[in-house]
Amino acid sequence: MTAGIKANSDGSGAIQVGGTDYVTITSAGVVTMPGPVSIPGNLAVTGSITAGAGTPYVFNSYTSPATWTKPTGLKSVKVTVVGAGGTGGGSGPFVGPGPGQLPSAQGGGGGGGGAAVLVIPAPSITTASVPIAAGPGTSTFGPWTPAAPTTVSATAGSAGGTGTSTPTTTTTGPGGAGGSGSGGALNLPGSAGTAGGALFTPLGGTGGSAQIFQGLQLVFAGNNTNGTPNSVYGGGGGGAGIRSTTGTSTGGTGGPGIVIVEEFY
């Protein structure tokens with residue numbers, strides 16, 4: 001195999017291997033190579049080496065079922081999953097109170113979703129794509145290994161209890177339990193919602209929160225009010241307030257679950 005240096009009249013040139021330009025040099029001094037270069041041994045540089053623009057980090061978030069595809073050149077991913085928040089409890093139908101009784105009882109707040117966090121080295125991800133569940137209910141990322149399936153998961157918070165009443169008694173709804181995380185290097189439980197009337201007499205309970213996304217929610221002060229929906233990821237909905245008129249009030253919906261996939265290159 002022959003090799004040599006080619007010089008052109010316009011000042012450009014090339015280093016040839018086997019008669020083919022391996023390294024080209026333009027008249028302006030720009031050096032290019034046709035493909036990847038392997039340099040055995042040690043490389044000594046006088047001056048500086050500037051790498052071309054790349055993509056060192058990509059942020060992805062999912063609030064509905066999806067599929068994540070493993071990119072080329074990936075080094076690792078950080079996965080954060082948060083379960084949905086539970087719905088707040090309603091206030092039961094109005095019942096004429098007895099002496100010293102409220103007309104109806106307040107609903108409990110929904111529980112906050114659990115959470116889990118895990119960093120996964122790219123070589124450990126042996127499937128081309130990974131299913132994702134997010135939105136209502138439990139959030140998951142995985143499996144990413146068909147031989148020994150592994151999944152990061154976070155369950156949703158439970159719904160708050162409904163306040164009930166009879167002509168002689170009123171019972172406020174209990175707060176919903178928080179969800180739980182599993183499969184992560186860090187697994188966090190969601191906080192429980194509070195019971196109806198735990199803060200102020202007319203109010204329903206507060207919704208719990210996912211520990212990663214704080215999101216306590218109250219119902220509006222006063223009677224005959226529905227629970228406040230929670231827009232924070234993993235936050236429980238507020239419980240309904242008491243009723244002083246006929247009918248029922250409903251609890252607020254909980255915040256959706258979310259899966260975050262951060263790619264590192």
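Visitor: Which residue is the bridge partner of Ala-133 in β10?
Guide: In this predicted model, the bridge partner of Ala-133 in β10 is Thr-140.

Visitor: And how many bridges join β9 to β10, and which way do they run?
Guide: There are 2 bridges between β9 and strand β10, which covers residues 139-141, and the two strands run antiparallel. Together β9 and β10 make a hairpin that has 5 residues between its strands, and in the turn Gly-135 has a positive phi of about 110°.

Visitor: Which side chains of β9 are buried, and which are not?
Guide: The side chains alternate along β9, which spans residues 129-133: Val-130 and Ile-132 point to one face and are buried, whereas Ser-129, Pro-131 and Ala-133 point to the other face and are not buried.

Visitor: What about β6, how many bridges join that strand to β9?
Guide: Strand β6, made of residues 66-69, is joined to β9 by 4 bridges, and these strands run antiparallel. As one example of the pairing, Thr-69 stands opposite Ser-129 in β9.

Visitor: In what order do the strands of that open sheet come?
Guide: The open sheet has 5 strands in the order β6-β9-β10-β11-β14, and their pairing is antiparallel. At the edges stand β6 and β14, the latter being residues 181-182, and each has a single partner strand, so one side of each is left without a neighbour in the sheet.

Visitor: What do strands of a sheet pair through?
Guide: Strands of a sheet pair through backbone hydrogen bonds, and the pairing is either parallel or antiparallel.

Visitor: Now for β5, what is the order of the strands in its open sheet?
Guide: That open sheet is formed by 5 strands in the order β5-β16-β7-β8-β15, with antiparallel pairing. Its edge strands are β5, at 57-62, and β15, at 186-188, each of which pairs on one side only. On average, neighbouring strands of this sheet are turned by 15° against each other, with direction ignored.

Visitor: How many bridges join β5 to β16?
Guide: The antiparallel strands β5 and β16, the second of which covers residues 258-264, are joined by 6 bridges. Within this pair, Phe-59 stands opposite Glu-262 in β16.

Visitor: Changing topic to the surface, which residues make the nonpolar patch of about 250 Å²?
Guide: That nonpolar surface patch is made by Ile-25, Val-31 and Met-33. Of these residues, Ile-25 is found in strand β3, which runs over residues 20-25.

Visitor: Why can Ile-25 count as partly exposed?
Guide: Ile-25 has a relative accessible area of 33%, and it is called partly exposed because this value lies between the 20% cut-off for buried and the 50% cut-off for exposed.

How values were computed
Residues are numbered from 1 along each chain as its sequence is written. This is a predicted model: local features need pLDDT of at least 70, side-chain atom pairs count only at pLDDT 80 or more; totals for chains, interfaces and linings use all residues. Side-chain values use heavy atoms; hydrogens and water are left out. Buried means under 20% relative accessible area, exposed over 50%, partly exposed in between (1.4 Å probe, protein chains only). Two strands pair if DSSP finds at least two bridges between them. Patches are made of residues with over 30% relative accessible area and no salt bridge: like charges are joined within 9 Å, nonpolar side chains (Val, Leu, Ile, Met, Phe, Trp, Tyr) within 5 Å. Accessible areas come from the Shrake-Rupley method with a 1.4 Å probe; for residues, only the protein chains shown count as cover. A salt bridge is a side-chain nitrogen of Lys or Arg within 4 Å of a carboxyl oxygen of Asp or Glu. Axes are lines fitted to C-alpha atoms, for helices over the stretch in contact, and angles run from 0 to 180 degrees between N-to-C directions.
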